[in-house]
Each structure stands twice: as C-alpha cells, then as structure tokens.
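Please open the model in your viewer and keep a cartoon view and a side-chain view at hand, since the tour moves between the two.

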Amino acid sequence: MSKTVVITGASRGIGSQCARVFAAAGYNVVINYNKSEERAQALLAELLAQGISAVAIKADVSDSAQANALIENSISLFGGVDVLVNNAGIGEQKLITDVTDEDWARMMGVNLNSAFYCTRKVLPHMINKKSGRIINISSIWGVCGASCEVHYSAAKAGLIGFTKALAKEVGPSGITVNCVAPGVIETDMNKALSEDDLDALCEETPVGRLGTTDDVAQMVLFLSQESGAFITGQVIGVNGGFVI
Ligand code: NAP
C-alpha cells in the first residue's frame, strides 16, 4: 500500500515542490493550504492528472482545531499518515521594538504552534504503527538569528528545540524527527528583496546561487525514506554553504 504524506502550507513555494517530489516517489499526498485556494487546486489537478492519489485540505494550522481536523481527515481518507512535513510558515521584517503582541503571537502560531498541533495529533497513530517520519522546516535564521527578524528567528529556533526533544521521546517508537534549515530559497517569501540584495546574497553563498524549492524538497524526501532511517534529532542545512 502507498505511503501517505501530509505537507502543511503546500499551496506555494517549498511545500508545493515537496508535494510534487513525494508524488513522484509514489506517496499519497495531502496538500494543506490556508489562503491560496486557487494555487492549491491547480497543484491538486496537476497531481491527479498524473494518476497520483492526492487531496487538498484547507486549514489554518495555527489554529489547534483546524490542525486537528487536517490530520484526522488525512488519516480517515488514506488510512494513516506516514510522513508529516511541518512546512507552513510566514516571515516578517521589523525592528523588535515595533513587533506587536499580535505580530509575535501570529509568528509563533504559524511557524511553531502549528508543528506542535499537527505533530501531537498524528503521533498516537504513528506510535501505534511503530513507524513515522516528522520533518520540520526551520531556517538558517533559527540557527544563527537574523537582525530585524527576531520573532521569526525565535520561532524557527523553537522548532529546533522541539525537534531535538521529540526525537529523543519518540525514537524508541520507531519515529524519526528532523529539521531542515533552508538558506535563501527562491519563493514568494523573498519576493520583497531587491535585485541588489539577491546578488549580494548569491555572492555570500559559496556555491554562488540562491536555493531552489527542489533543493529543499529532495532533502525532505531523503529524510522520509529508508535513506533517513538512522538520522534523527538533526538540523540539516540546505543553504549552499551560506552557514557552515
Ligand atoms: P511561501 O512561498 O511564502 O509559502 C508559504 C506557505 O505557507 C504557503 O503555502 C501558505 O499557504 C502556507 N501558510 C502560511 N500560513 C499558513 C497557515 N496559517 N496555515 C496553513 N498554511 C499556511 O514560503 P516558502 O519560502 O515556501 O516557505 C516554506 C517554509 O520554509 C516556511 O516555514 C519558511 O519559514 C521556511 N523557509 C523559507 C526560506 C526561504 O528563503 N524561502 C528559508 C528558510 C526557511 P497559503 O498561501 O495557502 O495561506
């Protein structure tokens, strides 16, 4: 029977490429989206046309009840969830003194709480099967910190602590938990950067280019399959050497 992957925030960017890569590897694919209904439906149509078993489910994963429903529906549609990719995320650039309580709560809600909600809901099922893979999409800024992105960096660093602790807790149940920490990847998240900023980032990157969504998605797939069986609690940088 085919394995099933749930990818949060799969309507665009890294999440949508993860959906394509897992589909090509034969998984049933749950495409979660929140606001980008059209993009999610277009991706769903693309996968269905290839004969892939896939579904698009709307859920704001920063909301506990909606995250629970996403996982419950995925399990009942496909009989289980083998891989959870906690990818949904938002960024924002602000001086820390300008960050409001609402900004802070939203940043934690989408980038960190969502991973807790989805993981908590899927774990009993994975523990029961004594197998599962959880991949959390952090960031280089969760490792190094970024000026004017303190709330983002804190949320992404939180995901790293979450990953390490959980890997210890559920390893004996046959479940691996890892973080992928991308560098600068060409997606909507970076569309506000100017050409000059992008050139400067390329120059600072040893391999001399920005990352692609496929660079990240291939690592997520690697960790999800037999190739990743002995890797857990790790933070894998996919950043072209930007941080070494
Ligand atoms: P993106 O192109 O802006 O896409 C973000 C995705 O997250 C969208 O599919 C969006 O869905 C979804 N999302 C946002 N809020 C959501 C919510 N409340 N509930 C469900 N889904 C939600 O960003 P990306 O670059 O692909 O980023 C993906 C992940 O990689 C994020 O966690 C990000 O922090 C991380 N990352 C990105 C970079 C980079 O340079 N791009 C670097 C390091 C880490 P809707 O549009 O449907 O709402």
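Is helix H1 largely enclosed by the rest of the structure or largely open? Bear in mind that this is a predicted model, and begin by selecting H1, residues 13–24. Of its 12 residues, 9 are buried, so H1 is largely enclosed by the rest of the structure.

Show the side chains of H1 next: the buried residues are Ile14, Gly15, Ser16, Gln17, Cys18, Ala19, Val21, Phe22 and Ala23. To see what they pack against, add strand E1 (4–7), strand E2 (28–33), helix H2 (37–49), E4, E6 and H8 to the selection. The length of H1 can be checked as well: at 1.5 Å a residue its 12 residues should span 16 Å, and its end C-alpha atoms are 17 Å apart, which agrees. Past the helix, stop at Gly26, which follows H1 and has a positive phi, near 95°.

Now select the strands. There are 7 of them in an open sheet, ordered E3-E2-E1-E4-E5-E6-E7, and the pairing is parallel. Strand E3 (54–58) and strand E7 (235–238) stand at the edges with a single partner strand each, so one side of each is left without a neighbour in the sheet. Viewed along the sheet, the twist from one strand to the next averages 20°.

Zoom in on the E7 edge, where strand E6 (residues 175–182) pairs with E7 in the parallel sense over 4 bridges; here Ala181 stands opposite Gly237 in E7. Add helix H6 (residues 150–170), which lies across strand E5 (132–137), E6 and E7 and runs at about 160° to E6. Then add helix H8 (residues 213–224), which packs on the sheet and touches strand E4 (83–86), E5, E6 and E7, with its direction making about 165° with that of E6.

Finally, turn to the nonpolar side chains. In soluble globular proteins, nonpolar side chains tend to be buried together. The largest nonpolar core here has 33 residues, of which Ile7, Phe22, Val29, Ile31, Leu47 and Val220 touch the most other members, and H1 gives the most to this core, with 6 residues. Centre the view on Val220: leaving aside its neighbours within four places in sequence, Val220 is in contact with Cys18, Phe22, Val85, Ile135, Ile137 and Val180. As a last selection, show Val55, Val81, Val170 and Val177, which are among the members of a second, separate core of 24 residues.

Methods: Residues are numbered from 1 along each chain as its sequence is written. This is a predicted model: local features need pLDDT of at least 70, side-chain atom pairs count only at pLDDT 80 or more; totals for chains, interfaces and linings use all residues. Side-chain values use heavy atoms; hydrogens and water are left out. Two strands pair if DSSP finds at least two bridges between them. Helices (H or I, at least four residues) and strands (E, at least two) are DSSP runs, numbered from the N terminus. Axes are lines fitted to C-alpha atoms, for helices over the stretch in contact, and angles run from 0 to 180 degrees between N-to-C directions. Contact means heavy atoms within 4.5 Å. The expected span of a helix is 1.5 Å times one less than its number of residues. Buried means under 20% relative accessible area, exposed over 50%, partly exposed in between (1.4 Å probe, protein chains only). A nonpolar core is a set of buried Ala, Val, Leu, Ile, Met, Phe, Trp, Tyr and Cys residues joined through side-chain atoms within 4.5 Å.
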